[in-house]
Amino acid sequence: MAAATNNKGALPEGFVSPFKRVPQEDRFDDALACVAILTGKSLADVRKLAEQLGLPKTGPYWVDNDMVAKLLMNLGSLVASNYKEFASIDALPDVAILLVDYDETTEVGRHVVWHHIRGTKTQQAFHYVIDPASWIPEQQQVTTEFSHLKPAWYIEVTASKNGGRK
């Protein structure tokens with residue numbers, strides 16, 4: 001994935017993301033951290049609801065597409081699509097949860113938040129990712145540089161119009 005800007009991954013000067021990074025706390029809660037990022041809730045609040053909806057209290061566990069959809073709807077009135085295969089950056093929606101570093105043998109990857117900013121008269125269009133992984137360098141936590149990521153699938157996230165699913 002090529003960066004939209006050539007500024008070593010930094011967000012454009014003056015831009016403030018509407019999403020705040022929430023770091024994952026264990027090896028399995030990257031999708032939960034992405035839900036927390038998108039809804040503005042704490043990871044503890046997301047985990048609590050996920051457990052009420054059937055997620056095991058301890059790992060290992062996999063947060064599937066249905067769980068992501070339920071959490072986004074309940075915590076943020078957001079609609080999640082089913083997983084869609086990644087084709088190109090240009091084909092991605094404005095907001096998504098990307099499944100990156102996917103291993104076809106184990107069918108496991110990890111999740112990051114994708115956000116595309118449309119261009120205006122005063123700012124060029126660009127996109128960036130918010131990576132909840134606890135082990136990545138600080139400059140890759142919120143970045144416009146994604147060459148280190150290998151996207152495979154994504155879940156489009158939109159505001160709810162009627163509570164339905166895409």
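This passage looks at how three helices pack in a predicted model and at the largest pocket found in it.

Helix H1 (residues 30–39) is a handy place to start, with helix H2 (residues 43–52) as its first partner here. The two pack at an angle of about 120°, and their axes lie 9 Å apart. The crossing of H1 and H2 is right-handed. On the H1 side the contact is made by Leu32, Ala33, Val35 and Ala36, which meet Leu43, Val46, Arg47 and Ala50 of H2. Sorted by class, the residues of this H1–H2 contact come out as seven nonpolar, no polar and one charged.

H1 also packs against helix H3 (residues 65–76), and here the axes come within 10 Å and cross at roughly 25°. Angles under 35 degrees count as roughly parallel, so that label applies to H1 and H3. H1 passes H3 in a right-handed crossing. From H1, the residues involved are Ala31, Leu32, Val35, Leu38 and Thr39, and they meet Val68, Leu71, Leu72, Leu75 and Gly76 in H3. That contact splits into eight nonpolar, two polar and no charged residues. Leu32 and Val35 turn up in the contact with H2 and again in the contact with H3.

That leaves the pairing of H2 with H3. Their axes are 10 Å apart and the packing angle is about 120°, so the two helices are oblique to each other. As for handedness, the crossing of H2 and H3 is right-handed. H2 brings Val46, Leu49 and Ala50 to the contact, while H3 brings Met67, Leu71, Asn74 and Leu75. By class, this contact has six nonpolar, one polar and no charged residues. Some residues recur here too: Val46 and Ala50 of H2 also meet H1, and Leu71 and Leu75 of H3 are likewise among the residues that meet H1.

Now for the empty space. The largest pocket holds about 250 Å³. Its lining counts 15 residues, and those nearest the pocket centre are Arg27, Asp30, Trp62, Val108 and Gly109. Three elements give two or more residues to the lining: H1, strand E3 (95–103) and strand E4 (108–117). E4 supplies the largest share, with four residues. In terms of class, the lining of the largest pocket is made up of seven nonpolar, three polar and five charged residues. H1 thus has a place in each part of this account, since H1 meets H2, meets H3 and adds residues to the pocket lining. As for charge, the lining has five charged residues, whereas the H1–H2 contact has one and the contacts of H3 with H1 and with H2 have none.

Methods. Residues numbered from 1 in each chain as written. Predicted model: local features only at pLDDT ≥ 70, side-chain atom pairs only at ≥ 80, totals over all residues. Heavy atoms only, no water. Axes fitted to C-alpha atoms, helices over the stretch in contact; angles between N-to-C directions. Left-handed = near helix turned anticlockwise from the far one by under 90°. Contact = heavy atoms within 4.5 Å. Nonpolar A, V, L, I, M, F, W, Y, C, P; charged D, E, K, R; others polar. 1 Å grid on protein atoms, 1.4 Å probe; cavity = no way out; pocket = protein on both sides within 12 Å on 5 of 7 lines; lining within 4 Å. Points joined across faces, edges and corners; volume = space filled by probe spheres on them. Parallel < 35°, antiparallel > 145°, perpendicular 65-115°, else oblique.
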